[in-house]
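Notebook open, coffee poured. Today I want to look up what sits around the ligand, then check one residue that caught my eye.

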Amino acid sequence: MMMKGEMWSNLGSTMAAIMFMYAMFRQYLPPQLQDYIFRYSKKLSNFMYPYIHVTFDEFTGERMKRSEAFSAIQNYLSGKSSAFAKRLKADVVKDSQSLVLSMDYGEEITDEFEGVKVWWAARRNTPKTQQFSFYPSSDEKRYYVLKFHKRDREFITGTYLIHVLKQGKAIAADNRQRKLYSNNPGQSWSGYRSTKWSHVVFEHPATFDTLGMDAKKKEEIKKDLIKFSKGKEYYAKIGKAWKRGYLLYGPPGTGKSTMIAAMANFLNYDIYDLELTTVKNNIELRRLLIETSNKSIIVIEDIDCSLDLTGQREKQKKKDENEEEMDPISKKAKEEEKKDSEVTLSGLLNFIDGLWSACGGERIIVFTTNHVEKLDPALIRRGRMDKHIEMSYCRLEAFKVLAKNYLDIDWHPLFGEISRLLEETDMTPADVAENLMLKSDDDEEDETCLKNLIEALKDAKEEARKKAEEEARLKAEKEEKGKEQAETEEKEKEQSVREDVKEDAIAAKEVKENGVIH
Ligand SMILES: Nc1ncnc2c1ncn2[C@@H]1O[C@H](COP(=O)(O)OP(=O)(O)OP(=O)(O)O)[C@@H](O)[C@H]1O
Ligand SMILES: [Mg+2]
């Protein structure tokens with residue numbers, strides 16, 4: 001007896017032969033007969049293969065962005081694959097604690113939803129290349145194929161695919177590992193998919209609960225962040241790009257970087273740590289910023305040190321004046337060099353305002369600085385930096401949070417003295433925290449730590465007093481010196497006037513006596 005598979009393959013080759021004959025003799029048939037044959041051959045092929053295939057490529061669009069649908073399907077299928085597929089690929093996610101399995105290329109699995117059966121297959125096309133490489137080729141094309149019966153077309157395109165995308169996204173949110181990206185100068189630009197960002201898993205423990213600062217200010221920032229993250233419709237309604245700028249300023253060790261980590265943990269965003277000093281020029285800056293993803297915080301630390309952004313315009317003016325005197329060839333060379341090697345304030349501002357606004361939203365940009373007064377006002381005006389947050393020295397409220405974090409205490413009789421000293425002395429939360437670090441598990445240690453802190457505060461207060469005294473002394477000395485100098489200059493001036501008068505008198509006398517003019 002003929003096997004079922006053999007029968008289908010024979011039928012297939014017969015059909016192919018008929019189609020070939022039809023193509024050859026079609027021109028000799030009358031048009032009505034052509035139509036008739038076309039309609040019936042379609043019906044026959046539909047009857048023999050009533051399935052529809054949909055392909056989901058990994059990369060789509062001109063910029064070859066990774067397709068969201070592909071990722072969602074990958075996540076959706078991961079659960080089903082581990083149950084049904086025979087060959088699986090494994091990946092580690094979430095704090096390196098759990099494994100996610102997905103079906104290997106060439107595998108096919110069946111899924112059933114509301115009584116409708118579909119088939120998913122993972123495929124890849126590898127271009128034939130002469131070169132041998134240990135790494136996967138960047139031109140490899142990966143895709144999923146969904147197969148379903150044509151009678152289920154409406155259900156699949158309407159209900160099922162929406163269900164897959166929704167589920168896939170929910171699984172992704174569950175498995176999501178936040179990332180800390182940095183721009184690394186060493187990487188080459190070859191290949192259309194290459195990126196200048198490299199990343200590690202972001203696992204900073206800071207939260208708003210452990211951040212020592214004024215409670216009211218903290219609540220205000222949290223509210224602002226929530227409003228922003230839920231503001232998609234609002235931003236669309238007012239016609240503004242969905243982005244928000246924060247400027248964090250304050251002395252070193254007051255928690256600016258810690259605040260950024262707390263923000264990322266609070267919103268579940270990735271962090272892009274942009275090191276401007278390694279960015280070659282504005283073009284590279286633009287590319288880096290375009291490559292950042294949604295739901296991310298872009299951080300530029302120590303903006304005043306990263307670049308000569310401050311006062312760039314005045315300096316530029318001076319430079320231009322000098323260049324006026326140069327010969328045309330050196331001037332041109334200088335201009336080229338400048339273009340290649342500069343990230344300018346205007347480049348950065350243009351990007352924040354223009355291009356980036358146009359290329360999608362949900363991004364927060366954070367600048368930090370220790371010297372807010374040095375920044376160009378253009379950089380920090382509202383609209384660019386929407387919120388200015390001062391991170392200040394440690395006072396009682398911040399101290400209470402640190403005491404809870406480090407010593408797990410809410411109150412202690414020494415808090416009163418510490419509070420008074422904190423008001424009188426400027427000590428950063430980083431320095432306070434250093435004194436609260438337990439050296440052993442001893443119960444007595446809490447008090448020892450607090451006493452150490454009191455000593456440190458007293459020392460700092462004494463040092464500040466001495467410094468202030470020294471500054472006052474130097475100021476007085478300077479003033480005294482200035483006064484003395486002014487007096488000497490005054491005396492010298494008087495002396496010279498007197499001598500002039502004397503000389504004039506002698507000259508007048510000579511004229512009178514001899515009638516001689518010198
Ligand atoms: N407000 C704070 N709350 C809790 N911990 C803090 C705070 N400020 C500083 N610290 C502690 O001090 C350390 C240094 O703080 P951080 O790096 O955030 O300071 P910074 O303001 O970014 O300093 P810099 O200006 O030097 O970059 C942190 O690891 C953290 O443990
Ligand atoms: Mg910092």
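I count a residue as near a molecule if one of its heavy atoms lies within 4 Å of it. Also a note to self: this is a predicted model.

Entry 1, the neighbours. I found 15 residues around ligand 1, and those that come nearest are Gly212, Gly253, Lys256, Ser257 and Thr258. Sorting the shell by type gave me 6 nonpolar, 8 polar and 1 charged.

Entry 2, the polar contacts. I looked at oxygen atoms of ligand 1. One is 2.8 Å from an N or O atom in the side chain of lysine 256. For glycine 253, the partner is a polar backbone atom, 2.9 Å from an oxygen of the ligand. Threonine 254 also offers a polar backbone atom, at 3.3 Å from a ligand oxygen. Then I checked the cover: ligand 1 taken alone exposes 630 Å², and the protein buries 72% of that.

Entry 3, the site. The space ligand 1 takes up is the second largest pocket. Which helices each supply at least two residues of the shell? I got H8 (256–267), H16 (396–407) and H18 (429–436). H8 gives the most, with 3 residues.

Entry 4, one more residue. I found threonine 368 in strand S14, which covers residues 363–369. Is threonine 368 buried or exposed? Its relative accessible area is 0%, so I call threonine 368 buried, as the cut-off for that is under 20%. I also compared threonine 368 with isoleucine 260: they are 108 residues apart along the chain, yet 9.6 Å separates their C-alpha atoms.

Note on methods. Residues are numbered from 1 along each chain as its sequence is written. Chains are lettered from A and ligands numbered from 1 in the order in which they are written. This is a predicted model: local features need pLDDT of at least 70, side-chain atom pairs count only at pLDDT 80 or more; totals for chains, interfaces and linings use all residues. Side-chain values use heavy atoms; hydrogens and water are left out. A polar contact is a pair of N or O atoms within 3.5 Å; within protein, one must be able to donate a hydrogen and the other to accept it, and residues adjacent in sequence count only if both atoms are side-chain atoms. Accessible areas come from the Shrake-Rupley method with a 1.4 Å probe; for residues, only the protein chains shown count as cover. On a 1 Å grid over the protein atoms alone, a cavity is a set of points where a 1.4 Å probe fits but cannot get out, and a pocket is an open set with protein on both sides within 12 Å along at least five of seven lines; lining residues have an atom within 4 Å of a point. A molecule sits in a cavity or pocket if more than half of its atoms lie within 2 Å of its grid points. Helices (H or I, at least four residues) and strands (E, at least two) are DSSP runs, numbered from the N terminus. Ala, Val, Leu, Ile, Met, Phe, Trp, Tyr, Cys and Pro count as nonpolar, Asp, Glu, Lys and Arg as charged, and the others, Gly among them, as polar. Buried means under 20% relative accessible area, exposed over 50%, partly exposed in between (1.4 Å probe, protein chains only).
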